[in-house]
There are 2 protein chains.
Amino acid sequence: MKLENTFIAVQSASRKLRTLSNDRINEVLNAVAAEISIETPYILRENERDLERMELTNPKYDRLRLTTERLEAIAADIRNVATLPSPLGRVLMQREQPNGMKLTKVSVAFGVIGIIYEARPNVSFDVFSLCFKSGNACILKGGSDAEFSNLAIVRMIHRVLERFNIDKHTVELLPTNREATTELLHAVGYVDLLIPRGSSNLINFVRENATIPVIETGAGICHTYFDKEGDIEKGTKIINNAKTRRVSVCNALDCLIVHKDRLSDLPKLCKPLHNSNVVIYADADAYEMLKNNYPAELLEKATEDSFGTEFLDYKMSIKTINDLDEALNHIQKYSSKHSECIVTENQDTANTFCQLVDAACVYVNVSTAFTDGAQFGLGAEIGISTQKLHARGPMALEEITSYKWIIEGDGQTRS
Amino acid sequence: MKLENTFIAVQSASRKLRTLSNDRINEVLNAVAAEISIETPYILRENERDLERMELTNPKYDRLRLTTERLEAIAADIRNVATLPSPLGRVLMQREQPNGMKLTKVSVAFGVIGIIYEARPNVSFDVFSLCFKSGNACILKGGSDAEFSNLAIVRMIHRVLERFNIDKHTVELLPTNREATTELLHAVGYVDLLIPRGSSNLINFVRENATIPVIETGAGICHTYFDKEGDIEKGTKIINNAKTRRVSVCNALDCLIVHKDRLSDLPKLCKPLHNSNVVIYADADAYEMLKNNYPAELLEKATEDSFGTEFLDYKMSIKTINDLDEALNHIQKYSSKHSECIVTENQDTANTFCQLVDAACVYVNVSTAFTDGAQFGLGAEIGISTQKLHARGPMALEEITSYKWIIEGDGQTRS
């Protein structure tokens with residue numbers, strides 16, 4: 001392995017973090033935030049070199065772009081992370097056994113966390129600050145589109161770490177080539193956790209190839225079910241918010257499920273969507289109801305492809321169902337188990353929905369747009385897990401820690 | 001995929017478990033325990049067919065063998081699982097956000113858990129009872145050596161499930177061929193978690209090939225460090241217990257690390273090991289000290305291979321070090337991060353050891369033989385995780401649950 005020495009250096013740096021106090025960690029984070037202001041011209045200059053290589057029309061262009069305002073917001077986020085309680089050293093369980101030995105289950109850092117992401121240089125700062133706060137070293141594998149930006153960011157962080165006499169391998173940026181990805185995916189014994197952030201292609205590639213532990217993030221095929229007993233005002237607001245607030249995010253609405261008894265309310269439920277030019281792919285019943293009540297140029301007949309699609313665009317499908325069971329079956333079949341919502345005034349129906357829907361986040365009369373670490377009050381977010389192992393839904397500091405058992409006694413042996 | 005229909009059937013069964021009450025689950029478990037007594041002759045007869053195919057000298061023979069007593073113990077274990085609190089529906093966090101929406105993080109079943117294991121038919125009962133208690137369906141992939149035993153066990157459980165009108169696909173036994181293993185390892189979307197239980201070859205194979213989430217279990221390369229300030233009585237008891245209580249288990253001692261200032265205590269520390277004919281692979285300093293104080297036929301000079309080996313036998317290496325740092329480095333280099341122990345009367349040294357040793361279980365003056373779900377008071381054990389993701393150390397019922405977020409409100413949207 002060409003990168004083995006790099007992995008060894010990061011692992012060694014991660015071990016040194018075990019003795020770093022939370023106060024010291026916060027000092028470093030604040031210093032990084034301060035350094036961002038000083039180094040803004042340099043970072044923007046390097047970011048410009050990346051931008052010059054990308055077509056203005058590329059949808060990734062805006063994500064790649066850094067500005068003074070964005071860097072200020074990033075610095076503010078880092079200062080905020082410094083104010084959060086440390087996720088380390090939390091006593092998760094403590095008990096004394098009959099033989100007198102004392103058991104303590106205590107949260108600890110993973111060690112080394114790898115992140116694979118695409119052309120979003122802000123992720124480099126996010127990941128560093130959350131990993132560092134939680135005592136983890138991190139290995140960044142950013143997209144090649146953001147190469148100059150990421151190099152500048154990591155160089156800047158390295159300078160701050162060195163000033164604090166902290167091993168700079170605490171954060172390591174890998175080369176942008178494919179071989180580096182392959183080595184990272186197989187860094188068994190060196191990397192304790194890998195988090196891919198990006199398109200479903202990237203996630204699938206990681207799932208198929210990684211031999212180190214992975215937390216899958218991302219893909220959100222989200223439904224909102226407007227129940228027989230749904231409130232029309234709440235439903236209208238929730239549907240519009242979940243669909244149009246930001247279409248490029250994973251918690252955005254993809255399919256509205258409507259009870260057949262409420263078909264006549266569809267025109268009202270969908271009305272605000274006009275304003276955002278949302279294209280609706282309606283099944284036969286919904287199409288009938290909307291054809292004279294929704295702009296013709298924005299209305300199409302649904303096909304099988306209209307369901308189970310993450311649109312990430314001003315597009316939405318509508319499915320009509322006869323009862324709750326049918327709604328649950330539709331969700332079961334097409335959901336990516338990210339965020340699912342029911343609009344109903346019936347508490348029993350809401351409870352059944354919450355119990356039977358298998359998803360990270362199940363909403364009752366609330367927009368799915370809230371699936372987000374900050375909105376959940378977690379203080380930060382490193383990604384949204386769509387798997388069930390270790391973490392589910394928004395992941396913040398606690399979710400990037402592990403634990404160990406400490407057993408203390410005075411000579412206990414087992415019979 | 002030949003097994004796709006099987007996976008679909010298990011997934012469907014797992015969904016039906018979501019509405020099963022804990023009382024009903026316990027009734028079924030007790031009925032399975034009762035059925036074991038009734039069906040003992042049948043199970044033993046089928047087990048005999050497996051035993052007949054295996055050489056008596058095969059080390060697996062004893063693990064494969066069931067007896068009336070062993071079946072009684074298994075039934076008692078299942079009854080015990082029925083008495084444990086349900087791991088489902090635990091409120092892990094609850095908060096109301098300023099906008100009035102209520103967040104509840106609640107424990108839920110994974111859904112479908114797959115287990116790959118070797119010729120130990122008792123595992124079939126263990127896994128079924130723990131998965132069923134925690135609301136999970138399970139897919140068993142047992143070793144071919146135990147084929148008849150496992151078939152008999154699963155048929156018996158199926159009869160009980162049918163009596164309770166529960167989908168028998170709640171527990172499914174896969175064919176013993178390799179293709180079934182391959183399909184299980186790639187059952188993305190059908191199997192939520194895979195736990196391999198067995199040799200390190202099996203674990204490595206699963207790690208290299210699985211595309212579904214895995215919890216690694218098993219391999220234990222365990223050290224006990226006898227510190228400069230270690231108590232000789234405690235050390236002697238702990239070393240003997242950790243090495244000789246049961247050599248075939250993963251928490252057994254593999255390497256004794258001794259501080260050079262305490263070399264003269266080695267003969268005393270090792271004395272009880274004579275009785276079990278423990279072969280010692282001693283480094284140069286330890287060899288000098290033991291050569292006139294330990295049976296010559298049981299003493300050998302250590303080679304590089306003597307360290308980092310899981311002996312699973314009456315064998316142990318000894319490493320002499322000059323200070324705590326050297327002990328920590330030795331552990332870091334050779335440990336499998338399972339169970340590590342220090343014997344010391346110095347609380348500061350103990351604290352440093354607990355903080356810096358990266359292992360699931362870190363012991364102070366207690367034998368590593370306690371790394372076990374029941375000994376930790378967890379009530380049961382489905383395996384001992386050696387990874388840091390999701391669960392670390394002994395895994396019981398809580399460790400085979402996931403969680404979901406439930407968000408309730410009255411029309412909240414995100415600005």
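Student: In this predicted model, which residue of E13(B) is the bridge partner of A:Trp405?

Tutor: The place to look is where the two chains pair, for E16(A) runs in the parallel sense with strand E13 of chain B, residues 361-366, over five bridges. Within E13(B), the residue bridged to A:Trp405 is B:Cys361.

Student: Which element of chain A gives the most to the side that touches chain B?

Tutor: The contact takes 56 residues from chain A and 56 residues from chain B. On the side of chain A, the elements that each supply at least two residues are helix H8 (200-209), helix H9 (232-244), helix H13 (347-356), strand E13 (361-366) and strand E16 (401-412). By class, this side of chain A has 17 polar and 16 charged residues together with 23 nonpolar ones. The element that gives the most, with 11 residues, is E16(A).

Student: Why are the two copies related as by a two-fold rotation axis, and which residue of chain A has the C-alpha nearest the axis?

Tutor: A turn of 180 degrees, with a shift of 0.0 Å along the axis, lays chain A on chain B with an RMSD of 0.0 Å, and the two copies are therefore related as by a two-fold rotation axis. The same surface serves both copies, as 100% of the contact residues of chain A recur in chain B. In chain A, the C-alpha nearest the axis lies 1.9 Å from it and belongs to A:His390.

Student: How many Å separate the centres of domain 1 and domain 2 of chain A?

Tutor: Chain A is divided into domain 1, which takes in 4-216 + 387-408, and domain 2, which covers 222-370. Taken over C-alpha atoms, the centres of these two domains of chain A are separated by 36 Å.

Key: Residues numbered from 1 in each chain as written. Chains lettered and ligands numbered in written order. Predicted model: local features only at pLDDT ≥ 70, side-chain atom pairs only at ≥ 80, totals over all residues. Least-squares fit on C-alpha atoms with pLDDT ≥ 70 in both. Contact = placed C-beta atoms within 7 Å. Domains from an automatic or database assignment. Helix = DSSP H or I, 4+ residues; strand = E, 2+ residues; numbered from the N terminus. Nonpolar A, V, L, I, M, F, W, Y, C, P; charged D, E, K, R; others polar. Pairing = 2+ DSSP bridges.
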